[in-house]
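Please open the model in a viewer and keep the sequence panel visible. The tour below proceeds by selection, one stop at a time.

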Amino acid sequence: MFGKRKDPIDRTPHPRSPDSRRLVVSESPGLYVYAVDEGEVIHVVPDGPHVHPTILGLARPALYAGEIEIEASGVVGEVNNLSGTFQFRSKRSLLCVAGMLVDMGFSVRSVIWYPPDGATTPKRLVFP
Amino acid sequence: MRKIIVVLEDNAERIAAMKLRLEDRMPMYDCFFSDDPGEIVEVLTRRKGDVLAVSLDHDLFDRADGSTEITGMDVAEFLSRTEPEFPVLIHSSNAIDADRMQRLLAKNRWSVTRVTPFNDTSWIGEDWYPALRRAIGKSAMPELVPNAEAIAD
(Lines give C-alpha, C1' and ligand atoms only; values in the text may rest on other atoms or scores of the structure.)
Protein backbone atom coordinates (compact mmCIF):
# COMPACT_ATOMS: atom_id res chain seq x y z
CA MET A 1 0.00 0.00 0.00
CA PHE A 2 1.38 3.34 -1.03
CA GLY A 3 1.61 6.34 1.25
CA LYS A 4 0.21 9.76 0.53
CA ARG A 5 0.49 11.26 -2.94
CA LYS A 6 3.10 13.95 -3.40
CA ASP A 7 3.28 16.98 -5.65
CA PRO A 8 6.44 17.52 -7.70
CA ILE A 9 8.93 19.94 -6.17
CA ASP A 10 9.19 21.56 -9.60
CA ARG A 11 5.67 23.04 -9.82
CA THR A 12 6.11 24.15 -13.45
CA PRO A 13 3.28 22.53 -15.46
CA HIS A 14 5.58 20.76 -17.91
CA PRO A 15 3.61 19.03 -20.67
CA ARG A 16 3.45 15.26 -20.54
CA SER A 17 6.26 13.77 -22.61
CA PRO A 18 5.16 12.16 -25.89
CA ASP A 19 7.45 9.28 -24.84
CA SER A 20 5.56 8.73 -21.59
CA ARG A 21 3.77 5.39 -21.51
CA ARG A 22 2.42 2.75 -19.19
CA LEU A 23 5.15 0.26 -18.28
CA VAL A 24 4.66 -3.20 -19.76
CA VAL A 25 6.76 -6.31 -19.30
CA SER A 26 7.80 -6.22 -22.96
CA GLU A 27 9.43 -2.77 -22.57
CA SER A 28 12.84 -2.54 -24.29
CA PRO A 29 16.04 -2.75 -22.20
CA GLY A 30 17.39 0.58 -21.01
CA LEU A 31 17.27 3.11 -18.19
CA TYR A 32 13.90 4.72 -17.51
CA VAL A 33 12.46 7.10 -14.97
CA TYR A 34 9.07 6.20 -13.57
CA ALA A 35 6.18 7.65 -11.66
CA VAL A 36 3.22 5.83 -10.13
CA ASP A 37 0.00 7.72 -10.74
CA GLU A 38 -2.95 7.96 -8.34
CA GLY A 39 -4.50 4.91 -10.00
CA GLU A 40 -1.39 2.89 -9.07
CA VAL A 41 -0.22 2.60 -12.66
CA ILE A 42 3.52 2.79 -13.38
CA HIS A 43 4.40 5.21 -16.19
CA VAL A 44 7.90 5.48 -17.69
CA VAL A 45 9.95 7.79 -19.89
CA PRO A 46 13.40 6.92 -21.29
CA ASP A 47 16.09 8.48 -19.10
CA GLY A 48 17.15 12.03 -19.79
CA PRO A 49 17.89 15.30 -18.03
CA HIS A 50 15.09 16.47 -15.72
CA VAL A 51 12.42 14.21 -17.22
CA HIS A 52 10.56 13.21 -14.05
CA PRO A 53 8.16 16.20 -14.31
CA THR A 54 7.18 15.09 -17.82
CA ILE A 55 6.15 11.52 -16.98
CA LEU A 56 2.71 12.50 -15.69
CA GLY A 57 2.99 16.13 -16.81
CA LEU A 58 1.19 19.31 -15.74
CA ALA A 59 2.67 19.09 -12.22
CA ARG A 60 0.41 16.15 -11.39
CA PRO A 61 1.08 14.38 -8.08
CA ALA A 62 2.49 10.86 -7.85
CA LEU A 63 2.35 8.01 -5.36
CA TYR A 64 6.00 7.20 -5.97
CA ALA A 65 8.83 7.85 -8.44
CA GLY A 66 12.39 6.84 -9.22
CA GLU A 67 14.42 4.99 -11.81
CA ILE A 68 14.01 1.56 -13.38
CA GLU A 69 16.81 -0.14 -15.27
CA ILE A 70 15.57 -2.89 -17.58
CA GLU A 71 18.53 -5.17 -18.33
CA ALA A 72 16.76 -7.52 -20.71
CA SER A 73 13.19 -8.12 -21.68
CA GLY A 74 11.31 -8.86 -18.47
CA VAL A 75 14.32 -8.33 -16.18
CA VAL A 76 14.62 -5.27 -13.94
CA GLY A 77 18.24 -4.81 -12.89
CA GLU A 78 17.42 -2.07 -10.42
CA VAL A 79 14.45 -0.10 -9.22
CA ASN A 80 15.07 2.79 -6.85
CA ASN A 81 13.67 6.04 -5.40
CA LEU A 82 16.05 8.45 -7.15
CA SER A 83 14.09 11.49 -8.26
CA GLY A 84 15.03 15.05 -7.42
CA THR A 85 11.59 16.08 -8.66
CA PHE A 86 9.61 13.97 -6.17
CA GLN A 87 12.13 12.85 -3.52
CA PHE A 88 10.02 10.04 -2.09
CA ARG A 89 11.34 8.56 1.14
CA SER A 90 9.24 5.48 1.88
CA LYS A 91 10.85 2.06 1.81
CA ARG A 92 7.43 0.44 2.05
CA SER A 93 6.21 2.22 -1.08
CA LEU A 94 9.38 1.30 -2.96
CA LEU A 95 8.65 -2.32 -2.09
CA CYS A 96 5.11 -1.79 -3.39
CA VAL A 97 6.60 -0.72 -6.73
CA ALA A 98 8.83 -3.81 -6.75
CA GLY A 99 5.81 -5.98 -5.96
CA MET A 100 3.86 -4.41 -8.81
CA LEU A 101 6.75 -5.18 -11.16
CA VAL A 102 6.77 -8.82 -10.05
CA ASP A 103 3.00 -9.02 -10.49
CA MET A 104 3.44 -7.64 -14.03
CA GLY A 105 5.81 -10.51 -14.80
CA PHE A 106 9.20 -8.83 -14.31
CA SER A 107 12.05 -10.52 -12.54
CA VAL A 108 13.46 -7.91 -10.12
CA ARG A 109 17.17 -8.28 -9.33
CA SER A 110 17.67 -5.39 -6.90
CA VAL A 111 15.64 -2.82 -5.03
CA ILE A 112 17.85 0.05 -3.90
CA TRP A 113 16.61 2.63 -1.40
CA TYR A 114 18.55 5.87 -1.23
CA PRO A 115 18.27 7.58 2.18
CA PRO A 116 16.70 11.02 1.73
CA ASP A 117 19.15 12.74 4.07
CA GLY A 118 22.17 11.47 2.12
CA ALA A 119 23.91 10.68 5.40
CA THR A 120 24.18 6.92 5.01
CA THR A 121 24.95 4.52 2.20
CA PRO A 122 22.04 3.18 0.12
CA LYS A 123 20.25 0.03 1.26
CA ARG A 124 19.59 -3.02 -0.87
CA LEU A 125 16.14 -4.10 0.23
CA VAL A 126 16.07 -7.87 0.24
CA PHE A 127 13.05 -8.87 -1.77
CA PRO A 128 11.65 -12.41 -1.37
CA MET B 1 27.22 14.58 7.58
CA ARG B 2 26.06 13.89 4.06
CA LYS B 3 27.88 11.43 1.83
CA ILE B 4 29.94 12.95 -0.96
CA ILE B 5 30.63 12.18 -4.62
CA VAL B 6 34.08 13.40 -5.70
CA VAL B 7 34.96 14.15 -9.34
CA LEU B 8 38.30 15.06 -10.91
CA GLU B 9 37.47 16.89 -14.15
CA ASP B 10 38.92 19.90 -15.95
CA ASN B 11 36.38 20.54 -18.70
CA ALA B 12 33.70 23.11 -17.83
CA GLU B 13 31.05 21.61 -20.13
CA ARG B 14 31.54 18.14 -18.71
CA ILE B 15 31.36 19.50 -15.17
CA ALA B 16 28.11 21.34 -15.96
CA ALA B 17 26.55 18.20 -17.46
CA MET B 18 27.64 16.03 -14.52
CA LYS B 19 26.36 18.55 -11.95
CA LEU B 20 23.03 18.81 -13.77
CA ARG B 21 22.51 15.06 -13.67
CA LEU B 22 23.58 14.67 -10.05
CA GLU B 23 21.42 17.59 -8.87
CA ASP B 24 18.46 16.10 -10.75
CA ARG B 25 18.78 12.58 -9.29
CA MET B 26 20.97 12.67 -6.20
CA PRO B 27 20.37 16.07 -4.60
CA MET B 28 20.76 14.51 -1.14
CA TYR B 29 24.50 14.01 -1.63
CA ASP B 30 27.32 16.55 -1.55
CA CYS B 31 29.33 16.76 -4.77
CA PHE B 32 32.86 18.07 -5.09
CA PHE B 33 34.42 18.90 -8.46
CA SER B 34 38.00 19.98 -9.02
CA ASP B 35 40.67 19.96 -11.72
CA ASP B 36 43.33 19.75 -9.02
CA PRO B 37 44.42 16.25 -7.88
CA GLY B 38 45.83 17.81 -4.71
CA GLU B 39 42.43 19.22 -3.80
CA ILE B 40 40.80 15.86 -4.54
CA VAL B 41 43.26 14.07 -2.25
CA GLU B 42 42.65 16.66 0.45
CA VAL B 43 38.87 16.10 0.27
CA LEU B 44 39.29 12.31 0.22
CA THR B 45 41.42 12.59 3.34
CA ARG B 46 39.26 15.13 5.18
CA ARG B 47 35.96 13.43 4.30
CA LYS B 48 37.28 9.88 4.76
CA GLY B 49 34.32 7.68 5.66
CA ASP B 50 31.84 9.97 3.87
CA VAL B 51 32.94 9.24 0.30
CA LEU B 52 30.27 7.46 -1.74
CA ALA B 53 32.16 7.28 -5.06
CA VAL B 54 35.01 8.92 -6.96
CA SER B 55 35.23 9.61 -10.69
CA LEU B 56 38.61 10.41 -12.21
CA ASP B 57 39.69 11.94 -15.49
CA HIS B 58 43.31 11.44 -16.56
CA ASP B 59 44.35 14.33 -18.79
CA LEU B 60 43.77 17.74 -17.23
CA PHE B 61 44.92 19.95 -20.09
CA ASP B 62 42.15 22.52 -19.52
CA ARG B 63 43.70 23.52 -16.19
CA ALA B 64 44.71 27.15 -15.97
CA ASP B 65 48.39 26.17 -15.86
CA GLY B 66 48.01 23.91 -18.92
CA SER B 67 50.11 21.29 -17.16
CA THR B 68 50.59 17.94 -18.86
CA GLU B 69 52.39 16.54 -15.81
CA ILE B 70 49.51 16.82 -13.35
CA THR B 71 47.02 14.03 -14.07
CA GLY B 72 44.43 11.74 -12.57
CA MET B 73 47.22 9.25 -11.96
CA ASP B 74 48.20 11.40 -8.96
CA VAL B 75 44.90 10.53 -7.30
CA ALA B 76 45.11 6.87 -8.38
CA GLU B 77 48.55 6.63 -6.77
CA PHE B 78 47.19 8.12 -3.54
CA LEU B 79 44.26 5.70 -3.51
CA SER B 80 46.52 2.74 -4.24
CA ARG B 81 48.25 3.36 -0.90
CA THR B 82 44.97 3.20 1.03
CA GLU B 83 42.38 0.52 1.76
CA PRO B 84 39.51 0.32 -0.79
CA GLU B 85 36.40 1.93 0.69
CA PHE B 86 34.28 3.11 -2.25
CA PRO B 87 33.88 2.51 -6.00
CA VAL B 88 36.06 4.39 -8.49
CA LEU B 89 35.09 5.38 -12.02
CA ILE B 90 37.71 6.33 -14.60
CA HIS B 91 36.24 8.57 -17.29
CA SER B 92 39.06 9.35 -19.72
CA SER B 93 39.50 9.38 -23.47
CA ASN B 94 43.18 8.57 -22.96
CA ALA B 95 42.87 4.79 -23.15
CA ILE B 96 46.52 4.01 -22.49
CA ASP B 97 46.79 6.06 -19.30
CA ALA B 98 43.30 5.11 -18.18
CA ASP B 99 44.45 1.47 -18.46
CA ARG B 100 47.45 2.29 -16.25
CA MET B 101 45.22 3.91 -13.64
CA GLN B 102 42.83 0.96 -13.73
CA ARG B 103 45.64 -1.60 -13.37
CA LEU B 104 47.17 0.26 -10.43
CA LEU B 105 43.87 0.52 -8.60
CA ALA B 106 42.73 -3.03 -9.40
CA LYS B 107 46.08 -4.38 -8.20
CA ASN B 108 45.29 -2.80 -4.87
CA ARG B 109 41.77 -4.31 -4.78
CA TRP B 110 39.82 -1.17 -5.70
CA SER B 111 36.56 -1.66 -7.57
CA VAL B 112 37.02 0.22 -10.84
CA THR B 113 34.58 0.97 -13.67
CA ARG B 114 35.70 2.48 -16.98
CA VAL B 115 33.60 4.97 -18.92
CA THR B 116 34.78 6.14 -22.33
CA PRO B 117 33.71 9.65 -23.33
CA PHE B 118 32.10 10.12 -26.74
CA ASN B 119 30.06 12.65 -28.67
CA ASP B 120 30.67 15.83 -26.69
CA THR B 121 28.87 15.43 -23.34
CA SER B 122 26.09 13.01 -24.30
CA TRP B 123 28.06 10.14 -22.74
CA ILE B 124 27.53 11.70 -19.32
CA GLY B 125 23.81 10.92 -19.34
CA GLU B 126 24.07 7.75 -21.39
CA ASP B 127 27.05 6.03 -19.78
CA TRP B 128 28.66 7.95 -16.91
CA TYR B 129 25.62 8.53 -14.71
CA PRO B 130 24.24 4.96 -15.10
CA ALA B 131 27.72 3.54 -14.38
CA LEU B 132 28.07 5.75 -11.29
CA ARG B 133 24.64 4.75 -10.00
CA ARG B 134 25.32 1.05 -10.61
CA ALA B 135 28.64 1.29 -8.80
CA ILE B 136 26.99 2.99 -5.82
CA GLY B 137 24.14 0.46 -5.89
CA LYS B 138 26.60 -2.45 -5.79
CA SER B 139 28.01 -1.10 -2.54
CA ALA B 140 24.55 -0.80 -0.97
CA MET B 141 24.16 -2.58 2.36
CA PRO B 142 21.47 -5.31 2.41
CA GLU B 143 18.43 -4.76 4.59
CA LEU B 144 15.80 -7.41 5.21
CA VAL B 145 12.29 -6.51 4.11
CA PRO B 146 10.64 -7.23 7.51
CA ASN B 147 12.82 -4.49 8.97
CA ALA B 148 11.79 -1.94 6.37
CA GLU B 149 10.02 0.67 8.44
CA ALA B 150 7.29 2.79 6.97
CA ILE B 151 8.36 6.40 6.50
CA ALA B 152 5.75 8.97 5.60
CA ASP B 153 5.51 9.67 1.86
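What share of the contacts in chain A with a separation of 6 or more is accounted for by residues 24 or more positions apart? The share is 59%. Please note before continuing that this is a predicted model.

**First stop: chain A as a whole**

Select chain A and colour it by secondary structure. Two helices and eight strands should appear. Followed along the sequence, these elements run in the pattern β-β-β-α-β-β-α-β-β-β.

Now display the C-alpha atoms alone. Along the principal axes, the C-alpha atoms of chain A occupy a box of roughly 40 × 35 × 25 Å. The radius of gyration of chain A is 13 Å, which agrees with the value near 14 Å for a compact globule of 128 residues. As for burial, 43% of the 128 residues of chain A count as buried.

**Second stop: the contact between the chains**

Show both chains and select the residues at which they touch. Chain A contributes 33 residues to the contact, and chain B contributes 30 residues. On the side of chain A that touches chain B, the elements giving two or more residues are α2 (91–104) and β8 (123–126). Of these, β8(A) gives the most, with four residues. Colouring that side of chain A by residue class shows 14 nonpolar, nine polar and ten charged residues.

**Third stop: the strand pair across the contact**

Keep β8(A) selected and add residues 141–144 of chain B, which form strand β6. In which sense do β8(A) and β6(B) pair, parallel or antiparallel? The two strands pair in the parallel sense, over four bridges. To inspect one bridge, select K123(A) together with M141(B), its bridge partner in β6(B).

**Fourth stop: I5(B) and its surroundings**

Move to chain B and select strand β1, residues 4–8, where I5(B) is located. Is I5(B) buried or exposed? I5(B) is buried because 22 other C-beta atoms lie within 10 Å, and 20 or more suffice for that class.

Next, select the residues in contact with I5(B), leaving aside its neighbours within four places in sequence: L22(B), Y29(B), C31(B), L52(B) and A53(B). Finally, draw a C-alpha to C-alpha distance between I5(B) and Y29(B). The viewer should give 7.1 Å for this pair, although the two residues are 24 residues apart in sequence.

How values were computed: Residues numbered from 1 in each chain as written. Chains lettered and ligands numbered in written order. Predicted model: local features only at pLDDT ≥ 70, side-chain atom pairs only at ≥ 80, totals over all residues. Contact = placed C-beta atoms within 7 Å. Nonpolar A, V, L, I, M, F, W, Y, C, P; charged D, E, K, R; others polar. Pairing = 2+ DSSP bridges. Buried ≥ 20, exposed ≤ 12 C-beta atoms within 10 Å, placed from the backbone. Rg over C-alpha atoms; globule rule 2.2 N^0.38 Å.
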